[in-house]
Amino acid sequence: MYRDALADFLVRHRAALAPTDVGLGPGARRRTPGLRREEVAQLATMSTDYYTRLEQRRGPQPSTQMLAAIARALRMTTDERDYLYRVAGHSAPERHAVEGYVAPALMRVMDRLHDTPAMVLSALEEPLVQNGPARALFGDAEQLTGWERSAIYSWFVHPEQARAVYPAEEHAHHGLSKVASLRAAYGAMGPRSRASELAEILSAHSAEFAQLWDSQVVARRFEDHKVVLHPQIGRIEVDCQALLTEDASQVLLVLTAPPHSEDAGKLDLLAALGTQSVAESGPESGSGSGSDAGVGSVARSGSVARSGSVARSGSVAGPPNWSTVSP
């Protein structure tokens, strides 16, 4: 671990960002340019003390999870993220690895989306970041770990819960779409990748998946129009727009409805539910001296930039706790 290089790199990147660059309000007049340390800590969902010690060359070696959160908070490119990992004493992650890092271009768009469901997913439909309305619609994906984060996994391993968000007559179509998406990810990531591992796990667990996998259908797309079922609001018809990174490793999904329509009103209610959830839970921050001390739960404060993970494309995980649904 190169403490001086790590500290200098963090300080320079923090100074180069304005609050509006990361979805924060301008706030009071600042003595120096850039973000405050407490703002970076909030965006990365860690304690201010922990982040401060990194900049002051006296912190412990951060874990890859912490580094991914910092890279996301400071809007680092993949090359900058790789450098961050190396000076912190870790190998650079695979470009398709899921550690909480989100492409800066997608985060800039997410920072401006507050009143309609929006989320960023990995190629395996794992939630990376979601805004308040998306949490209200699909559940807080922050609660999920491991393969449970993947909507593809949940669709076949927890069908009763994951499929509850869609009308029964659409289940077969959504299932085939998820398998086709995994096949596309397998082609891009290779036979020794996490996509291959997921396919092996699901083939052993689900006869339905195995049959669909053998069909050799390949597609990486999202429905232009879909119907989503919410336990409180009911049936919501939405249009879905997808914005992919250049390497197609991440996708930003935005759900909208025609202005002044009944469904638009339901999305407004979702936004209000998301705000209420934020007020009730509030941000958490850790403290302590371990390598991961300072990791808090994702701060749920209106701005997407402050949230930690995303709901998956196509599936939601499960009523009544609504935590295993897939987008």
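**Exercise 1.** How are α11 and α12 oriented to each other: roughly parallel, roughly perpendicular, roughly antiparallel or oblique?

*Solution.* Keep in mind that this is a predicted model.
- Start with the geometry: helix α11 covers residues 194-205, helix α12 covers residues 207-214, and their axes cross at roughly 125° while coming within 6 Å.
- Next, the cut-offs: roughly perpendicular runs from 65 to 115 degrees, and roughly antiparallel needs over 145.
- An angle of roughly 125° fits neither range, so α11 and α12 are oblique to each other.
- For the handedness, α11 passes α12 in a left-handed crossing.

**Exercise 2.** Work out which residues of α11 and α12 meet, and sort them by class.

*Solution.*
- On the α11 side, take Ala199, Leu202, Ser203 and His205.
- Their partners in α12 are Ala207, Phe209, Ala210 and Trp213.
- Sorting by class gives six nonpolar residues, two polar ones and no charged ones.

**Exercise 3.** Which residues touch the most other members of the largest nonpolar core?

*Solution.*
- This core has 39 residues, and Phe138, Leu182, Leu202 and Phe209 are the ones that touch the most other members.
- Now ask who supplies the core: helix α8 (residues 151-157) gives the most, with five residues.
- Don't stop there, as another core of 29 residues lies apart from it, with Leu17, Val22, Tyr50 and Ala69 among its members.
- Tie this back to Exercise 2: Leu202 and Phe209 also sit in the contact of α11 with α12.

**Exercise 4.** Put the chain as a whole into numbers.

*Solution.*
- Count the elements: 13 helices and six strands.
- Then burial: 55% of the 327 residues are buried.
- Finally, of the contacts between residues at least 6 apart in sequence, 65% link residues at least 24 apart.

Note on methods. Residues are numbered from 1 along each chain as its sequence is written. This is a predicted model: local features need pLDDT of at least 70, side-chain atom pairs count only at pLDDT 80 or more; totals for chains, interfaces and linings use all residues. Side-chain values use heavy atoms; hydrogens and water are left out. Axes are lines fitted to C-alpha atoms, for helices over the stretch in contact, and angles run from 0 to 180 degrees between N-to-C directions. Helices (H or I, at least four residues) and strands (E, at least two) are DSSP runs, numbered from the N terminus. Angles under 35 degrees count as roughly parallel, over 145 as roughly antiparallel, 65 to 115 as roughly perpendicular and the rest as oblique. A crossing is left-handed if the near helix is turned anticlockwise from the far one by less than a right angle, and right-handed if clockwise. Contact means heavy atoms within 4.5 Å. Ala, Val, Leu, Ile, Met, Phe, Trp, Tyr, Cys and Pro count as nonpolar, Asp, Glu, Lys and Arg as charged, and the others, Gly among them, as polar. A nonpolar core is a set of buried Ala, Val, Leu, Ile, Met, Phe, Trp, Tyr and Cys residues joined through side-chain atoms within 4.5 Å. Buried means under 20% relative accessible area, exposed over 50%, partly exposed in between (1.4 Å probe, protein chains only).
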